[in-house]
Each structure stands twice: as structure tokens, then as C-alpha cells.
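Let's take a walk through this one together, strand by strand and then across to the partner chain. Have the viewer ready.

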Protein chains: 2
Amino acid sequence: MPRLRSASLPEHIGATVTIAGWVHRRRQLRSVTFLIVRDGTGLAQVVVTDADLRARLADLPEESVVEVTGRAVGNPAAPAGVELVEPTVRPLGDPAVPPPFDVYRPELTAALPTQLDHAAVALRHPSRSAALRISAALVAGFRSTLDGLGFVEVHTPKIVAAATESGANVFAIDYFGRPGYLAQSPQFYKQMLVGVLERVYEVGPVFRAEPHDTTRHLAQYTSLDAEFGFVTDHRDVMELLRAVLAGTLGRLANHPVAPAEIPAVPPEIPAVHFTEALAIAGASPDEPDLAPAHERVLGEWARTEHHSDFLFVTGYPMAKRPFYTHPATTHAPSGAPSQTYSNGFDLLFRGVELVTGGQRLHRYQDYLTALATSTGSPREGRAPSYRFL
Amino acid sequence: MPRLRSASLPEHIGATVTIAGWVHRRRQLRSVTFLIVRDGTGLAQVVVTDADLRARLADLPEESVVEVTGRAVGNPAAPAGVELVEPTVRPLGDPAVPPPFDVYRPELTAALPTQLDHAAVALRHPSRSAALRISAALVAGFRSTLDGLGFVEVHTPKIVAAATESGANVFAIDYFGRPGYLAQSPQFYKQMLVGVLERVYEVGPVFRAEPHDTTRHLAQYTSLDAEFGFVTDHRDVMELLRAVLAGTLGRLANHPVAPAEIPAVPPEIPAVHFTEALAIAGASPDEPDLAPAHERVLGEWARTEHHSDFLFVTGYPMAKRPFYTHPATTHAPSGAPSQTYSNGFDLLFRGVELVTGGQRLHRYQDYLTALATSTGSPREGRAPSYRFL
């Protein structure tokens, strides 16, 4: 009998069917055992009254893998309104060694080190597997939005001959006896491919040899990058980014495991110039960058003043932007300290940097000049790039 | 005036419009210059009769970037049946340094080293950019087929603490003072995630420190990997793979830059057992593996006998398969040398290995036994994984 996945059980009420999955939970009552089987599509309830089988299930711990054949009957109290009765249960492997936490409880409360040491099991908790499913949906939304706008997906090399943006913070490898590095970003490949395809994006790993025991950095993560040509300035990039965010989060609208509250992307995301951002955050006007504490204040401000989870900060000083950033072509607010501002921006989400982007230099001579005069302070040159993991 | 992309010009006949892109070609005739502008959507013809502008275009080499405003008029002889007349042309950067080959010629005939040294320009040749577009379409087809079957996309770590399948052929890195390696495949992550999501796939880079100056190996490439649970044996994997191939190549059916001839995936891909494959290839029955020359003969045979570009070879000896491969559960043909065959297969495409896959061990004790008795000959353990780049 071909195996069904549990989500399809409601279509088979009255039939004898076979499912397979993991023992999610056994509820052993006085005269009945409820066996909850979890597969890739959800949970199925199996009603066991046979004494022999009940005794065998007592020795089959949670997370053991089983195949169950039984008759599907409607029961509004069961998951998806259906349960299996008069079952036979066939273990497909040895009884599982019980994990150090219960995957079936509503919350996974084990300490983080315990969860990480048992990640292959901890990720089975519905809250954790939901995060993986939501990640996949968001990436699919990112891609489909950009596909719809004529972007082409590319896959660029991750072993590179030179550090992407600076000599610092790269992982070095031995590449057949020559030095190689893990790419910090696909930035330069993207820019070259704009000359080829005009609009490109990439979803792929990036590597940064930075301490990652903070909430703001990871040594490897999946970066969502886009780059396109023929912009007037950074505002074109911000407009695209808003559309991409809306399309990405839109994927969650009818997603079975989406959170109850999906962040709303406003029709226009509020934007403040860097110098205004410093003032809002109560920072000195001479600060060259926003500190995490400043970003948190800005997140509160956007929430209160604009009812928005998102806030653009534009015009970061050139000294804190990678050398390939285009200098400002719009005026800084009056009274701003005299320095060179950029056409670069950050997008904050609830007070945390989510995306860095901007207009790039596009003339060869400008690159030569920028490289010659660069202050050598390459902050973190990501261009529309989500920190995804 | 907002810029249009060239593909939309037929919708604007009679209007004055602006396009932007690269000077693909200038054809300077006696009284007219045809300026062909290339953007991310294709080519547009601009008709220049003004003497001053013709003189300026003479100094604007191919690959310079321009913005052109003109009136769109129908002309069946022009690309997409439309051309711009009475144009103004504004260079958006310096005149391009002419590349060492002509991007506009039907064939890109420069020597490979020249193309690679100028890849950012060589890739602009329509034949080369078409390959990038086709790659993107194939990956999209791979994903959408698997999404439709309930698979979940995952992104697994590429820096790992131990070599995936063997100690050989990995790139070593210094991970904050501890040894790290670049992942050769997502195999073990995939298998763990089958326990979480049941059906998973990944599109991502893999790294192999093997000499890559052959047609069969690359030090880094994009791998298309899938893994799923609750199979009976390798034949379930082969059936899935056939569906994925059909869905992947199906994406090319109406693709604007698809090749004229798209490989056909037969309703059932022919399959031969490893021992039969040796006989067909004229190899000794004692050979432990298929050599590239054998695979080429098998490709011819599949073409001649089955009219198929694809051929499965099943039952490879365990000695040549990674330790996590499931031993054969089906009988080898009578007369086969006495050895342990596997539930592993290769898929050949026109005589070249395209995919390796099989059934995995799924019991803990089987892994312990396999590790204890492994012959230590981990061939190249990919599981449904296309060598894509």
C-alpha cells in the first residue's frame, strides 16, 4: 500500500491507509493510547486500543520511526479532523534513544547549548522547523519578486584571489599552494554582471572572520544580494528594496506556519538623513556612525512617529562606507557638519540593521580616485543584502 | 522621461522614448549610422542621420554606455520590429576601451585565456550571457519541481569542522585558530534535515580540492542536492530524479534564449546494472568502476538502443561508493562477480556522469558497522546532485 503523507488524510476518510513518520507523542490513558505520528506535512493521530500493541508502544520512545496502517475516520478533535483506528504499527528502525528534551511540548525550553548539541533533534520541534520553512518561503519570495522584475539569478565564486573589500576579516585558505580567501560578499561579481545582465541577484553564503558571539555578526550566513544598473541615485535602490521586502514578506500571507503577526511594509518606508538620525538618537552631531544603541532608539522612533517597523537612514558619511559608494548627490540638511556624505543607506528593522545598500560608482576614473584617496575604513560593504541567517 | 527597457519598445510605437544600455554595434554607412544598443532585455536599433551626432558616435566605441531618446517607429527589419529615429545620444560614462574581441559578432572566437582575462566583457556576448540565463532557468525549474513535491529549501554551513566524506581533497581553513574545512557536499546536513523536514533540497557551492584542469572536475561548483525520507530503495530516488529532470528542462520550453534542441527526458529512463554496463562497454567483468571511456560507450549505446540521452547505471560495487550507501537489496544479474553491490546509481547524460544518488543507510547500527568495515574508498559521494557548473 503506497504511503500517504499525513496532510492528505482528510481526503481518505473511510479508507484503510498507510502513513509513516516519527513518534511525536504517546498519550497512554487507561484504556487507549493516542499515538501522534509526525511527518513532513504535520501530525496524525492514531488510536490504539489493542492491548498487545499498547504494550509494544510503551517500549517505542518518542522520535522512533514507524509505519502505521489503519482506517481513517473523521474526528473533529483530532489534528486535521481525522484519525487512524484499528492500526498496525511497524517500526522502521531501532527504538529511538530518548532526546534530552521533549519535542512534543509546546515550548522547547532546553538550554541553548543542549539544543545545539542535539540540533538534529531540536530542529524537529515545530517552532524550530517552522523557522526553516519560513526561511525557505522568504527566500522564494525574494527570488520571485526579482524574477518578476527581470533580474537573473547568478552563482558567483566563493573562493576568491583577493579580499572583496578589505584585507581584514577574511578567512584565508590554501588554494593548491597559493593564497585564497572566502568571499565576504559577491559585490564585485555582481557589479561586473550588471554589465552582462543589467539586473542580477544571488542567494548564497558569505564569510566574515569576525567574532560572531554577538547578535549582529555571524562568521557565515546566507546573503540575499541584488544589483542593478541605470539608477539615478540611491533612491531608486530604496524603491526596489521596498518592493522586494513587500514581495518577500508577502510570501508568508497564507503560509501554514507563518507567525500570527507578519511585519507590514508601508507603502513608503520613512527615511531620515544620517545627521537627522544622530539628532533623533541623541548622539553627538560629530559621530561618524550609528552605534547599535542609536539604532535601537531610531527603531522606537520609527514605531512611534511613523507606525513603521522599517526605517531608512540615508547619507552615511563616505568615511564609513566602502570605497565604491557614490558620494552624495543630494544636499545634507542645513547645519550638518562639513564632511562628504554618501548615496549609501541602511535599512533598520525594529532598530537593527537589516540591509545596507546604495548607489555605486560607475566610472572607471572615479574608482581610481576613490582607491587613491580611500581612508581605508571599509565598514561592511553590503549592497541590497539581507542578513538572513 | 523614465527609461524603458528595449524589449518594451514595440508597445510604444509613435512615442518619444528613452532607452539606455551598451553600444553593441555601430554600422556606419554612407549617409546613415545604425547604432545598436544592448540592454538587459535585448537589442534596439537607433537610426542616426544627423552629421554631428554621426561624427560623435565615431568616437564612441562598442561597449560604451549611452542613454538614447528618440521616436519609436515600426520597421520590420529592425530587432523586434521597431527602431528609434531622430535620436539624441548621451554618454553615461567615458568612451569604452575597445575590448580585444568584438562582442557583436555572431561567434566569440577569441582564445579561451583571452576570454577569461576579459570575462566581464566576454560574458556580454549573447552566447555567453544566454548560458547564464539558461543556468538560472534550470535552477528555477529544479526548485519549482521540488517545491511542488513538498520539499523545503535549506541553506547548510559551508565551513565545517570535519571533512564530509573523507579526509582527502578538502580545502583547509584557519577558523579562529582551529582547523576548519570547506564542505564537499551538504550530505550529512541533508540527512539530518530529512529527520526534521522529511524532504529537503539545497542549491549551493561545494568545494573539492581536486585538480580541476579536466572536463570532469571543478574545485568549486554549484551543486543541486535533494534528499528525502521513506524510500523503499534507490528506485524511488531514480523516479524522483526523472521527474526533477523533466521539470528542470521543462523550464526551457518557452525560454527566449533556450537552445534550439532541448534534451528530451524519456517517460522511463533506461537503466542497466553495473555488471551489464561493464559488458556493454567491453570492459573486464572484474573492473570495480566505470572509466570515462566506458561511460562514453554507454552513452552511445543508450542513444542507439534506447534513443535516450540519459542512462541509469545501478548497483555500483559498495567498494566504490561512500560508506553511507545502502547495500543492494535487489539481485545482481546471474554470473556477476561475487562482491557486494549497492543501491547506488549514476545517471549518465550523453556518456558523462551527471548525477550520483542512491538509498542511504538509515539505521544507526548500520552506520557503526559500515564505518568499522569501510574500505576507505570514498569515491565521490554525491546524492541526487547535479554537477551544474
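Start at A:W22, whose bridge partner in strand 4 of chain A is A:V65. That pair belongs to a longer match: strand 1 (residues 16-28) and strand 4 (residues 65-74) of chain A run antiparallel and are joined by seven bridges. Keep in mind as you click around that this is a predicted model.

Zoom out a little and you'll see where those two strands belong. In chain A, five strands close into a barrel, in the order 1-2-3-5-4, and the pairing is mixed. On average, neighbouring strands of this sheet are turned by 55° against each other, direction ignored.

Strand 2 (residues 33-39) of chain A holds A:D39, which is worth a stop. A:D39 makes a salt bridge with A:R3, with the closest N and O atoms 3.9 Å apart. A:R3 sits in the segment before strand 1 of chain A, so the contact ties together parts that are 36 residues apart in sequence. Are the two ends equally hidden, or is one buried and the other partly exposed? A:D39 is buried, at 6% relative accessible area, while A:R3 counts as partly exposed at 22%.

Now for the heart of chain A. The largest nonpolar core has 29 residues, and A:L146, A:L245, A:F310 and A:L347 are those with the most contacts inside it. Several elements of chain A give two or more residues to this core, among them helix 4 (126-148), strand 10 (199-207) and strand 13 (310-314). Helix 6 of chain A gives the largest share, seven residues. As a general point, nonpolar side chains in soluble globular proteins tend to be buried together. There is also a second, separate core of 28 residues, which includes B:L224, B:V244, B:V265 and B:L347.

Strand 14 of chain A is one of the elements feeding the largest core, and it makes a nice case study. How many of its residues are buried? Six of the six, so strand 14 is largely enclosed by the rest of the structure. A:G344, A:D346 and A:L348 point one way from the strand, whereas A:F345, A:L347 and A:F349 point the other way, and all are buried.

Strand 14 of chain A has a pairing partner in strand 13 of chain A, antiparallel over five bridges; here A:F345 in strand 14 is the bridge partner of A:T314. Strand 14 also pairs with strand 15 of chain A, again in the antiparallel sense, over six bridges, and A:D346 has A:T356 of strand 15 as its bridge partner. Strands 14 and 15 of chain A form a hairpin with two residues between the strands, where A:R350 takes a positive phi near 50°.

Time to cross over to the other chain. Here 60 residues of chain A are in contact with 60 residues of chain B. The size of an interface is often given as the accessible area lost when the parts come together. For chains A and B that comes to about 4700 Å², with carbon and sulfur atoms giving 63%. A:H155, A:V196 and A:F230 supply 13% of the area that chain A buries against chain B, more than any other three residues.

There's charge at this interface too: six salt bridges run between chain A and chain B. One to look at is A:R5 with B:E198, at 3.3 Å, N to O. It leads back to our earlier stop, as A:R3, A:R5, A:D39, B:E198 and B:R199 are linked in a network of salt bridges.

Over all chains, the whole structure has 40 salt bridges, and two within chain B round off the tour. In the first, B:R38 meets B:E63, with the closest N and O atoms 2.8 Å apart. B:R38 lies in strand 3 (residues 33-39) of chain B and B:E63 in the loop between helix 1 (51-58) and strand 5 (65-74), 25 residues apart. Both B:R38 and B:E63 are buried.

The other is B:R360 with B:E227, at 3.4 Å, N to O. B:R360 is in the loop between strand 16 (352-358) and helix 9 (364-373) of chain B and B:E227 is in strand 12 (residues 220-228), so this pair ties together parts 133 residues apart in sequence. B:R360 is buried at 10% relative accessible area, and B:E227 is buried at 6%.

How values were computed:
Residues numbered from 1 in each chain as written. Chains lettered and ligands numbered in written order. Predicted model: local features only at pLDDT ≥ 70, side-chain atom pairs only at ≥ 80, totals over all residues. Heavy atoms only, no water. Core = buried A, V, L, I, M, F, W, Y, C linked by side-chain atoms within 4.5 Å. Buried < 20%, exposed > 50% of the residue type's maximum accessible area, 1.4 Å probe, protein only. Helix = DSSP H or I, 4+ residues; strand = E, 2+ residues; numbered from the N terminus. Pairing = 2+ DSSP bridges. Axes fitted to C-alpha atoms, helices over the stretch in contact; angles between N-to-C directions. Contact = heavy atoms within 4.5 Å. Buried area = accessible area lost by both parts, 1.4 Å probe. Salt bridge = Lys/Arg side-chain N within 4 Å of Asp/Glu carboxyl O.
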